[in-house]
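Let us walk through this structure step by step, beginning with its overall plan and then turning to the places where its parts meet.

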Amino acid sequence: MILNVNGSKYEVQEKMRTLLDVLRDELGLVGTKEGCGVGMCGSCTVLIDGKPMAGCLLLAEQAVGRKILTVEDLQNDGSLHPLQQAFIDERAFQCAYCTPGFILSTLALLNENPNPSEDEIREYLSGNLCRCGSYQNIMRAVKKAGGSR
Ligand code: FES
Ligand code: FES
């Protein structure tokens with residue numbers, strides 16, 4: 001089967017593995033992290049046709065014919081995406097294990113709603129957990145990237 005990841009097509013052998021496992025183990029895209037493995041933490045978030053989804057809950061086969069975006073695609077010729085830069089500027093992480101998932105969920109949020117309120121940010125990012133408790137800095141980074149109101 002063929003997966004469309006970050007604008008490139010990849011031949012993938014195992015249909016019955018999760019998308020998370022295929023991304024990490026077959027394609028070497030280890031920016032997508034495994035936390036809980038059961039859909040509770042958001043660290044494995046990828047965008048599927050622009051919507052955040054948990055890679056640990058999807059079989060790779062379910063993503064065939066859809067556009068998969070991982071955190072690796074955000075940089076551009078070695079330059080960070082403004083959202084990545086905002087997370088650095090606001091020190092929106094400690095261990096950073098949750099960061100790729102937060103950044104991809106935020107990207108989807110800002111594509112839908114370029115200027116979200118704090119409540120809208122909290123609601124949209126409620127599926128992403130940070131065990132280091134960096135929520136205040138994450139909120140600042142998201143507001144900085146999106147323009148707060
Ligand atoms: S690893 Fe997928 S939601 Fe936690
Ligand atoms: S920065 Fe460590 S889990 Fe979020």
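The secondary structure of this protein, which is seen here as a predicted model, comes to 5 helices and 5 strands. Followed along the sequence, these elements are arranged in the pattern β-β-α-β-β-β-α-α-α-α.

As for overall dimensions, the C-alpha atoms fill a box of roughly 45 × 30 × 25 Å when it is taken along the principal axes. A compact globule of 149 residues would have a radius of gyration near 15 Å, and because the protein has 15 Å, the value agrees with that expectation. Of the 149 residues, 42% are buried. If one takes the contacts between residues at least 6 apart in sequence, 57% of them join residues at least 24 apart.

Helix H1, which covers residues 19–26, is a suitable place to start on the details. Its buried residues are Leu-19, Leu-20, Val-22 and Leu-23, and what covers them includes strand E1 (2–5), strand E3 (45–48) and strand E5 (67–69). After H1 comes Gly-28, a residue whose phi is positive, near 70 degrees.

Further along the chain, the loop between E5 and H2 contains Leu-74. Is this residue, Leu-74, buried or exposed? With a relative accessible area of 7%, Leu-74 lies below the 20% cut-off and is therefore buried. Setting aside neighbours within four places in sequence, Leu-74 is in contact with Leu-69, His-81, Gln-84, Ile-103, Leu-104 and Leu-107. Leu-74 can also be related to the beginning of the chain, for Leu-74 and Asn-6 are 68 residues apart in sequence, while their C-alpha atoms are 9.1 Å apart in space.

We come next to the packing of helices. The axes of helix H2 (residues 82–89) and helix H3 (residues 99–112) come within 10 Å of each other and cross at roughly 125 degrees, which means that H2 is oblique to H3. In this crossing, which is right-handed, H2 passes H3. On the H2 side the residues that meet H3 are Leu-83, Gln-84 and Phe-87, and on the H3 side they are Thr-99, Phe-102, Ile-103, Thr-106, Leu-107 and Leu-110. Sorted by class, the residues in this contact of H2 with H3 are 6 nonpolar and 3 polar, with no charged residues.

Between H2 and H3 there is a loop, and Cys-98 is found in it. Cys-98 has a relative accessible area of 8%, so it too counts as buried. Not counting residues up to four places away in sequence, Cys-98 touches Leu-129 and Cys-130. Cys-98 and Ser-134 are 36 residues apart in sequence, yet from C-alpha to C-alpha they are 9.8 Å apart in space.

The last pairing to consider is that of H3 with helix H5, which covers residues 135–146. Their axes come within 11 Å and cross at roughly 35 degrees, and here again the crossing is right-handed. The contact is made by Phe-102, Thr-106, Leu-109 and Leu-110 of H3, together with Tyr-135, Ile-138, Val-142, Ala-145 and Gly-146 of H5. By class, the residues of this contact of H3 with H5 divide into 7 nonpolar and 2 polar, with no charged residues. Phe-102, Thr-106 and Leu-110 of H3 thus appear both in the contact with H2 and in the contact with H5.

Notes. Residues numbered from 1 in each chain as written. Chains lettered and ligands numbered in written order. Predicted model: local features only at pLDDT ≥ 70, side-chain atom pairs only at ≥ 80, totals over all residues. Heavy atoms only, no water. Axes fitted to C-alpha atoms, helices over the stretch in contact; angles between N-to-C directions. Helix = DSSP H or I, 4+ residues; strand = E, 2+ residues; numbered from the N terminus. Parallel < 35°, antiparallel > 145°, perpendicular 65-115°, else oblique. Left-handed = near helix turned anticlockwise from the far one by under 90°. Contact = heavy atoms within 4.5 Å. Nonpolar A, V, L, I, M, F, W, Y, C, P; charged D, E, K, R; others polar. Buried < 20%, exposed > 50% of the residue type's maximum accessible area, 1.4 Å probe, protein only. Rg over C-alpha atoms; globule rule 2.2 N^0.38 Å.
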